[in-house]
Amino acid sequence: MEQSDFDILTSKESRELIERHIDGDPARLALKLRNPAVTRQIRILQKCRTKLPAYYAARCIVPQIAYEQASSEAAATARTESILPFIPKGERKLAVDLTCGLGVDSLALSRVFDRVIAAELDPLRAETARWNFERLGVGNIEVVHRSAEDFLVSWPCGQRIDLVYIDPSRKKADGSRVYSLEDSSPNVLELLPVLRRNARRIVVKLSPLFDVAEVYRLFGENTWVEVVSLDGECKEVLAKIGFEEGQEAAPYMRTTIIRRGETRHYDFSRTTADTGLTGCGKVGEARFLLVPDVAFYKTRTVGAYIATYLQHMRGNLRLSGEYLFADELPGNFTGRTYRITFRHPYQPKEIARLLRSRGIRRINIHRRNFPFSAEQIGHALGVGLGGSTDIFCTLADGEPTVFFVGRID
């Protein structure tokens with residue numbers, strides 16, 4: 001977004017157009033309004049209904065790139081509420097967001113800290129954030145046009161910040177993506193000494209692809225790691241530093257699962273997190289196939305989840321090929337559940353004939369602990385990927401097996 005776009009979008013005429021046409025078809029509005037900035041903004045605001053409902057309701061200015069990079073309000077709120085029990089009430093005075101962007105994380109922090117300072121390197125983004133916070137009716141966030149590095153270096157010696165939050169950008173100026181933390185901006189590892197000196201606690205948001213074991217290697221074994229998933233998709237890996245001495249003892253590892261608007265936390269100690277995946281008996285004629293939430297797989301705590309939170313169901317559950325099989329559905333299972341309609345040894349020619357006889361040309365292939373990729377399986381079965389039919393490919397009772405299922409939840 002350019003400064004000229006911001007000037008247009010803040011005008012009274014544009015605000016009235018956006019309000020009048022907020023539910024309109026952007027493609028038709030482009031021809032009718034002949035105002036590209038307003039049309040683009042209506043299209044983005046319509047996307048905000050689910051991801052950023054407060055920004056949609058306040059008709060904030062949401063640039064496309066900022067929208068793509070921003071946390072969802074649900075994830076930002078869950079992240080902030082997750083740390084609250086581990087921060088004494090007397091140390092909830094000042095939080096600093098070193099990577100403001102659209103300001104969704106600053107907004108979440110402002111609800112629990114007396115004061116929030118949001119640093120933003122880009123001057124137009126800083127101006128947009130200020131304007132949006134005013135629309136949102138938030139008065140305890142101060143937006144400063146500073147880089148994270150400059151802000152930390154100039155912070156008064158001896159004045160401790162209660163919490164620093166930082167979400168390093170994983171894109172270069174040309175739009176290409178970077179994958180290492182050292183190449184992200186700002187370089188958190190380089191800033192770590194000054195961060196530790198100025199802040200009591202630090203929360204670093206990492207890529208959903210970031211390896212959990214690498215978090216401990218880079219930030220130390222006392223780091224609290226949290227993985228957040230939203231409706232079955234891993235959204236963020238968080239490194240939380242300095243939470244050893246709070247109102248409560250911070251867990252070694254936490255999975256936070258947001259599903260249908262409900263948030264659940266699953267905590268694991270250093271001992272329980274190391275509980276490995278072990279077989280729990282033969283699959284046999286199990287009626288249901290259960291897939292634990294992606295956050296458990298990401299943190300490698302599927303075994304720990306079963307041992308800690310599903311202990312009362314152990315006689316009913318069998319673990320095979322990293323999937324759970326059950327005769328009866330557990331009432332408090334966190335993940336996806338399927339009813340097994342048919343199972344068949346992995347014999348591609350026979351399964352391909354079966355699919356053709358039923359007129360199935362496309363299938364969703366799920367696989368774990370299986371010797372072939374989804375693409376290889378699809379090619380062998382003569383089908384494309386996608387559609388409404390689900391199959392699970394895994395090792396069952398030691399043999400490669402295909403399960404045809406129906407989705408329950």
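1. Start with the aromatic cluster, which is the bit I'd look at before anything else: Tyr266, Phe268, Phe296, Tyr305, Tyr309 and Phe333 come together as one group. Keep in mind that this is a predicted model. Across the structure there are 18 aromatic pairs.

2. One of those pairs is Tyr323 with Phe392. The ring centres sit 5.2 Å apart and the planes meet at 90°, so we can call this one edge-to-face. Tyr323 belongs to strand β12 (residues 323-326) and Phe392 to strand β15 (residues 384-396), so the pair ties together parts that are 69 residues apart in sequence. Buried or exposed, these two? Both Tyr323 and Phe392 are buried.

3. Phe370 and Phe372 make another edge-to-face pair, because their planes are at 70°, over the 60 degrees needed, with ring centres 6.1 Å apart. Their surroundings are worth a look too. Phe370 has 6% relative accessibility and so counts as buried, whereas Phe372 comes out at 34% relative accessible area and is partly exposed.

4. Two lysines deserve a click as well. Lys51 lies over the face of Tyr67, 4.6 Å from the ring centre. Over at Trp224, Lys240 does the equivalent job of sitting over the ring face, here at 4.1 Å from the centre.

5. On the fold as a whole: I'd describe the protein as having 17 helices and 16 strands. The C-alpha trace spans about 65 × 60 × 35 Å along its principal axes. Which share of the contacts between residues at least 6 apart in sequence joins residues at least 24 apart? That share is 67%. The Tyr323 and Phe392 pair, with its 69 residues of separation, is a handy case to have on screen when thinking about links between distant parts of the sequence.

6. Now burial and surface. Of the 409 residues in the protein, 51% are buried. The accessible surface comes to about 19,200 Å², and carbon and sulfur atoms account for 48% of that area.

7. Last, charges. The protein carries 58 positive and 52 negative ones. How far apart are the mean positions of the two sets? They are 5 Å apart.

Notes:
Residues are numbered from 1 along each chain as its sequence is written. This is a predicted model: local features need pLDDT of at least 70, side-chain atom pairs count only at pLDDT 80 or more; totals for chains, interfaces and linings use all residues. Side-chain values use heavy atoms; hydrogens and water are left out. Helices (H or I, at least four residues) and strands (E, at least two) are DSSP runs, numbered from the N terminus. Buried means under 20% relative accessible area, exposed over 50%, partly exposed in between (1.4 Å probe, protein chains only). Contact means heavy atoms within 4.5 Å. Accessible areas come from the Shrake-Rupley method with a 1.4 Å probe; for residues, only the protein chains shown count as cover. Lys and Arg count as positive and Asp and Glu as negative; His and the chain ends are not counted. The place of a charge is taken as NZ of Lys, CZ of Arg, CG of Asp or CD of Glu. Rings of Phe, Tyr and Trp (its six-membered ring) pair if their centres lie within 6.5 Å; planes under 30 degrees apart count as stacked, over 60 as edge-to-face and the rest as tilted. A charge sits over a ring if NZ of Lys or CZ of Arg is within 6 Å of the ring centre and within 35 degrees of the ring normal.
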